[in-house]
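The exercises below are to be worked with the sequence and the model open. Each one sets a task and then solves it step by step.

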Amino acid sequence: MTVVRAVARRLATAAVVLWAAATAAYLALLLAPGDTVDSIIGDGPDTPQIRAQVIAEWGLDRPDVVQYLDYLARAARGDLGRSYLLQRPVSDLIGEHLPATVTLAAAAAVTGVVLALAVALLTAGRRPLLRRAASTTELVLVSTPGFLIGIVLLNVFSFRLGWFPVSGGQDFSALVLPALTLALPVAGVLTQVLRDGLERALDEPFVVTARSRGIRERAVLARHALRHALLPAITLVGWLSGILLGGAVITEQVFGRPGLGQVTLQAVTAKDMPVVLAVVLLSAAVYVAVSTLADLAYLLVDPRLRRS
Amino acid sequence: MRRTLRTTRRLLLAGIAAFAVTACTAAPPVPTAADAGTPVSGGKLTWAVETEPITFNPHQYAQAKARLLVWNSFEALLTHDDEGGFLPWLATGYEAAADGLSYTVKLRTDVTFHDGEKFDAAAVKANFDQLLAPNYAPAVAAVQLKNLKSVEVVDPATVRINLTAPDVLILDFLASPQGAQISPKSLRQAANLKAGGVDVVGTGPFTLSAYSPGQQVVYKKNPAYRWAPANAGHTGPAYLDEVVYRFLKEPSVRVGALTSGQVQLIEGVPATDQELIDTSPQLALHKQLNSGSAYSYFLNVSHAPFDDPKVRQAFRHAIDVDAVLRAVYRGTATRAWSIVGPTSPLYDKGFEGRHGFDAAKANQLLDEAGWATRDGEGFRTKDGKRLTVRLVQSAPFVRDRRDVLAQAVQATVKAGAGIDLNVSVVDQGTALKALEDNQYEVFDNSRADTDAGAALNLLLASTGAINRTGYRDPALDALLAKGQATGDQAARVQVYHDIQRVVLTDQALVVPLYAPADQIAASRGLGGVRFEPTAGVPAGAYNIWIAK
């Protein structure tokens, strides 16, 4: 019973978050300078006759409140409208680009997490020189713009060595460099957090107990300290999904890959309201899902939380 | 025997080269094909382009950078030659009525659309009807077709276009992407007609076979094609079996993809990489100036300080255009002297060397106009107010590093004459608001219209859709109307020379800066790479072959 209630509460919260996100985005677009008719016309010819047609086509003569309520009603039924700019249903557009972004983000997330775990476990509390070198590299990666990482990787591994294509068929080789571009800064942050957690855990009394039982150092790290270190890292997954979506904008642009990042960039610059709103709704949904998963992961990692 | 063959081939090559050279003098668009030998059929070309079109429906065409895709699968009734005239394409010829109020167009009878529909007069009428349909192409209906009265089907191979006023620009429309012919079946049935796609088809040498948004578009050869216009380079089907256009927005990535052999052709070569490509033995660089209006600063005369012609003249004399272009584009840009682009038949060469950089004159004019004092930062002032002019650029539409160019101009007018050019690069909404609220003194623009007259109508007429100077003059309007109505080419050219005089000499409304150009870099194994006559943008893939 409590499970049902918990799920229902989650769902209700999710609905409120989605509504708030859509409304905030709607308001932001409404308050941004320039009206919708201007954005649809772009830098092309602009006469009263053209404006009248644009207004009639998109129903822009209705009061803002009516347009907003109409949008909410249609969105609730799953109708996201048509793109002002591309003249196609928004759901088609999102559907076309979503798989590419999900593939890229998943590949980057897995690569980033694996890299972070490996580096953190190898360097935590040991070998000062190695630790310092790794830490410096992480800081450099975190502070380098994704754009630059992408260009450098392309120059070396695609243009010079010819190992990977710059873009093209959606096979595995075309995914390597973009995924790495997106994964490196993520790995940088995660490693720092993980290592910090590991080192703090290693100072705890339970580690002394474990060691006194004759467990090997590697097992102490992987089995005992890591669990403690994971908690703050899990808190970061919300941040991670944001970074991956934001980073996808740049990565997709540099590598000429399809994906939501490109769609978002184009929609925001052109003030293509239906597309922007759909992307906001989708991101909000992803955040809700990810933070739910994170809450469940806490329970998995930390037995203390399961009791309460 | 062998030897003879080789000699013959060499002679042939020399012949082609010689032809290419003579062709170059008449029509710069055709680069030498000596490296690629004689044309051969077959193969797949990968071409990296800068711009992903927002639509594949030619009626909705609005991006000059997407023009190179249009003519692969679509065709128009007429096409431009390289001297300001027209050649028949899907038409066999046209005749203008003596009063200029109607055009009778004869059509080819051997053309079919990719979906098997027959091309005839009814199809042409269906296309016009669609263009005038509500909520379909308001900009075309309001600008190119504003003088259209009706379209009649005289017989299956003849249409008559009736106008409400004489309008020679209707021929330009018939040769434009917006005037391209879409299959009537597509017009009736396409899922997303305005977006275009594989179900919106034309009659061209290629069919659009697959579109992967954000990544690429693939065209396949149309084997039934045999109606190329006379200046297309050859007749019959295209040489290539398949063309893949890959969307690579980053210039350095396009260049890297080319130099590493991942693509064979790129368009849009940044100034910094042009020398690299020019000196590479495997690559060839081709450049061509675009049609339309030159990239210019338009001065807003509706309020101070540019309501004073002396200040406008001074601003123009204060800009060292040559130095600015050298600094920003490393000598790859072509300076403009008139609002009309230098390749247009309407261009007046007489302005070359006139109204240029002259700091002494700029300072003298400003002294005369009352901006005689200077403030602490060295800017000129009048009644305690600094001589500030604002240029607002809309970030999504900034190209060719025009934001950097503006900074260079800012430095030169400050140093030369103490003018404060305030440049801001903002989002589109903010830029449009500044224009609407008249909170700007300088407006920058270039137009890629194939007929420069069409550009000037928008930019200069009192009611012009892009009139940002605020200059409204019935005499200038009359000249523009006359230019649009005059069929005789020599008389028409004279009208536009007069217009350029009013704009440049009499009123100093415009500061021409450079003539926009397109660049193609290609592997030397490719032949038939060319630019579209008149438009000066990269042509479609019809005439390109891959040497074996």
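**Exercise 1. Describe the surroundings of Lys310(B).**

Solution. Start with the contacts, where contact means heavy atoms within 4.5 Å. Neighbours within four places in sequence aside, Lys310(B) is in contact with Leu365(B), Glu368(B) and Ala369(B). Next, place the residue: Lys310(B) belongs to helix 9 of chain B. Helices (H or I, at least four residues) and strands (E, at least two) are DSSP runs, numbered from the N terminus. Then take the accessibility: Lys310(B) is partly exposed, with a relative accessible area of 33%. The classes are buried under 20% relative accessible area, exposed over 50% and partly exposed in between (1.4 Å probe, protein chains only). Last, take a distance: 51 Å separates the C-alpha atoms of Lys310(B) and Ser523(B), which are 213 residues apart along the chain.

The model is predicted: local features need pLDDT of at least 70, side-chain atom pairs count only at pLDDT 80 or more, and totals for chains, interfaces and linings use all residues. Residues are numbered from 1 along each chain as its sequence is written, chains are lettered from A and ligands numbered from 1 in the order in which they are written, and side-chain values use heavy atoms, with hydrogens and water left out.

**Exercise 2. Characterise the fold of chain A.**

Solution. Count the elements: chain A has 14 helices and zero strands. Then take the extent: the C-alpha trace of chain A spans about 85 × 60 × 30 Å along its principal axes. For burial, 44% of the 308 residues in chain A are buried. For the contact pattern, consider contacts in chain A between residues at least 6 apart in sequence; 71% of them join residues at least 24 apart. For the surface, chain A exposes about 15,700 Å², with 69% supplied by carbon and sulfur atoms. These accessible areas come from the Shrake-Rupley method with a 1.4 Å probe; for residues, only the protein chains shown count as cover.

**Exercise 3. Analyse the interface of chain A and chain B.**

Solution. First the size: 44 residues of chain A and 37 residues of chain B take part in the contact. The buried area is about 3,400 Å², and carbon and sulfur atoms give 57% of it. Buried area is the accessible area (1.4 Å probe) that two parts lose on being put together, summed over both.

Next come the elements. Those that give two or more residues to the side of chain A touching chain B are helix 2 (36-41), helix 3 (48-58), helix 5 (90-123), helix 7 (146-160), helix 11 (237-255) and helix 12 (260-269) of chain A. By residue type, that side divides into 18 nonpolar, 18 polar and eight charged. Here Ala, Val, Leu, Ile, Met, Phe, Trp, Tyr, Cys and Pro count as nonpolar, Asp, Glu, Lys and Arg as charged, and the others, Gly among them, as polar.

**Exercise 4. Examine helix 12 of chain A and the residue after it.**

Solution. In this helix, Leu260(A), Gly261(A), Gln262(A), Val263(A), Thr264(A) and Ala267(A) are buried. The buried residues of helix 12 pack against helix 5, helix 11 and helix 13 (273-301) of chain A. Just after helix 12, Lys271(A) takes a positive phi of about 55 degrees.

**Exercise 5. Place Thr181(A) and list what surrounds it.**

Solution. Thr181(A) lies in helix 8 (residues 172-202) of chain A. With a relative accessible area of 3%, Thr181(A) is buried. Beyond residues up to four places away in sequence, Thr181(A) touches Gly146(A), Ile149(A), Gly150(A), Leu153(A), Thr251(A) and Phe255(A).

**Exercise 6. Find unusual backbone geometry in chain B.**

Solution. Most residues other than glycine have a negative phi, and most peptide bonds are trans. Ala304(B) and Pro305(B) are joined by a cis peptide bond, with omega about 0 degrees. Pro305(B) sits in the loop between strand 13 (295-299) and helix 9 (309-318) of chain B.

Now look at phi. Arg330(B), not a glycine, has a positive phi of about 50 degrees; Arg330(B) lies in the loop between helix 10 (321-329) and strand 14 (334-335) of chain B. Arg330(B) counts as exposed at 58% relative accessibility. Thr534(B), also not a glycine, has a positive phi of about 70 degrees. Thr534(B) is partly exposed, with a relative accessible area of 22%.
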